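Here is a friendly walk through some side-chain contacts and one enclosed space. Keep the structure open beside you as you read.

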Amino acid sequence: MDKFELQSWYRCQEPPVILTGEPEPEEELDLFQEAGLYAQPEQPWSPWTPEERLPKKRRRGGIVAAVLGVAAVVGLIVGTSVFFARPNDGWEDGFADRYDGYDMYDDYYYSRVSQEKITGKNTIDRAPTAPEVQLALNSSEELEPLSLAALYERCEPSVVAVRGYIGGGYTWGSGIVMTGDGYVLTNTHMLDDVESVRVTLYDGSEYDAKLVGNDPVSDVAVLKIDTADLIPAQFGDSDALSVGDRVVAIGNPLSDVFTGTMTEGIVSGKERSVTYGGRTMTLLQTTAAINEGNSGGPLFNQYGQVVGITNMKMMATRTANVEGIGFAIPSTTVRDTANTLLREGKVTGRPALGVYVYEVENDGSHPAGLMVSEAVAGSDAARKGLRESDVITEIDGQAITDFSVVSDYLAEKQVGDSVRLTIWREGKSIVKAVELIDQNDFA
């Protein structure tokens, strides 16, 4: 099977922008009952390519920095590559009729891929940092597993709906109560370009929310609402999970018609490394059903502890539908990121080369390595002249066979350090010393 035949499609959980004037819940349910299916708003599709090797173990003690790129969908970082698209591009409509071979697909692929990333940029009113508030993970050793009914009864009051308002419409997603006095966790991608946010509690009460901080690298955000009557969730240790452990997701898929939906599954994989917008996330994989609108919601273990925050799923390959491959940000990552956001309002200090790249093999026209699709404006890489179609073949003398080589190497570096890159350009090999930038500068 060649690379194109292996090409798959990924759909991000990124919630659709729902315009004002949507049907009443009763009308939506009537349509569902009459037609036998739920009419979803137009959804974005995203390409992925599977890797023919197992993922590497995640490094401990901080988020692994990587030099990845939006064009990395054609090559993988440690097993998986994810591309989040935005709606309303018309790509899905009549795909079979309009697809006319590799060239058209590739043209679309690269023009779209250069635009997609989590920026973390918004105009939401800011809440002050709160270093005295810190998220802790709890052991489950002394706990007894709960029945599904008991788990839902205990945990559902801690799940919230999150609306992010953009112009005349809004994004729709989920969140989880972190503290009784109003701190709420959700996804950063939920808040991109958002002007204001409202949080709806399980009892229907609504509150305007302010933003404490959000991180586009880990996709974790902390909101604050003005109340002291919340029911906080208990957070467990995702490192204690094993493949096969039972988990459930509770959230608000599709719209407020389905708020408080619970789906059951198992942990089907750990330490799945995925690429999005030039950055790497190490995620839990689960069979619990996850849909658009679950973004930012909790994944619970069998003891009713939050062990992850859901943020993406796989939808279909080019040749078949896909079921039961969802992902969640591990609670260890959520804890580390949330606590930094509460202290400082943002996360800094993760190094990157400052270029968007994708893996290429030696095809006779160029060597194997990481091909540059774009150098980030203002980065040292751009100042040193790295440009589109350059192929980075070595970093400090170490041959680059795939993304993981650079990812692992940069994990030991700091922002401001310099690395020597061996670059193939138009048949010649050149060496450039490049200063590492902060991954936040990719936004």
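## Aromatic rings

The count of aromatic pairs comes to one. Tyr165 and Tyr170 form this pair, which is tilted, with 5.7 Å from centre to centre and 50° between the planes. Please keep in mind throughout that this is a predicted model.

How exposed are the two partners? Tyr165 is partly exposed, because its relative accessibility of 26% lies between the limits of 20% and 50%. Tyr170, in contrast, is buried, because its relative accessible area of 8% is under 20%.

Another tyrosine has a charge for company. Lys224 lies over the face of Tyr183, at 5.2 Å from the ring centre.

## Salt bridges around Arg163

A search of the whole structure finds 10 salt bridges. A good place to begin is Arg163, which forms a salt bridge with Glu206; their closest N and O atoms are 3.9 Å apart. Arg163 lies in strand E4 (residues 159–166) and Glu206 lies in strand E8 (residues 206–215), so this pair ties together parts that are 43 residues apart in sequence. Arg163 counts as buried, at 12% relative accessibility, while Glu206 counts as partly exposed, at 37%.

Arg163 also meets Asp256 in a salt bridge between their side chains, at 3.3 Å from N to O. Here Arg163 is again the partner in strand E4, whereas Asp256 sits in the loop between strand E11 (246–251) and strand E12 (261–276), so the pair ties together parts that are 93 residues apart in sequence. Asp256 is partly exposed, with a relative accessible area of 35%.

Which residues belong to the network of salt bridges that includes Arg163? Arg163, Arg198, Glu206, Asp208 and Asp256 are linked in it. If you would like to follow this network in the viewer, Arg163 in strand E4 is a handy residue to start from.

## A salt bridge between Asp380 and Lys384

The side chains of Asp380 and Lys384 meet in a salt bridge too, at 3.1 Å from N to O. Is Asp380 buried or exposed? Asp380 is buried, because its relative accessible area of 9% is under the 20% limit. Its partner Lys384 counts as partly exposed, at 33% relative accessibility.

## An enclosed space

Let us turn from contacts to empty space. The count of cavities of 30 Å³ or more comes to one. The largest cavity holds about 40 Å³ of space.

Which residues line the largest cavity? The lining is made up of Ala249, Pro253, Thr261, Thr263, Ala289, Asn291 and Asn294. These lining residues divide into three nonpolar and four polar, with no charged residue. Ala249, Pro253 and Ala289 are in the lining, and they belong to the nonpolar group because Ala and Pro count as nonpolar.

## Far in sequence, 9.5 Å in space

One last pair is worth finding in the viewer. Arg343 is found in helix H6 (residues 331–344). Arg343 is partly exposed, with a relative accessible area of 39%. How many residues separate Arg343 from Pro128 in sequence? They are 215 residues apart in sequence, and their C-alpha atoms are 9.5 Å apart in space.

Notes:
Residues are numbered from 1 along each chain as its sequence is written. This is a predicted model: local features need pLDDT of at least 70, side-chain atom pairs count only at pLDDT 80 or more; totals for chains, interfaces and linings use all residues. Side-chain values use heavy atoms; hydrogens and water are left out. Rings of Phe, Tyr and Trp (its six-membered ring) pair if their centres lie within 6.5 Å; planes under 30 degrees apart count as stacked, over 60 as edge-to-face and the rest as tilted. Buried means under 20% relative accessible area, exposed over 50%, partly exposed in between (1.4 Å probe, protein chains only). A charge sits over a ring if NZ of Lys or CZ of Arg is within 6 Å of the ring centre and within 35 degrees of the ring normal. On a 1 Å grid over the protein atoms alone, a cavity is a set of points where a 1.4 Å probe fits but cannot get out, and a pocket is an open set with protein on both sides within 12 Å along at least five of seven lines; lining residues have an atom within 4 Å of a point. Grid points are joined across faces, edges and corners, and a volume is the space filled by probe spheres set on the points. A salt bridge is a side-chain nitrogen of Lys or Arg within 4 Å of a carboxyl oxygen of Asp or Glu. Helices (H or I, at least four residues) and strands (E, at least two) are DSSP runs, numbered from the N terminus.
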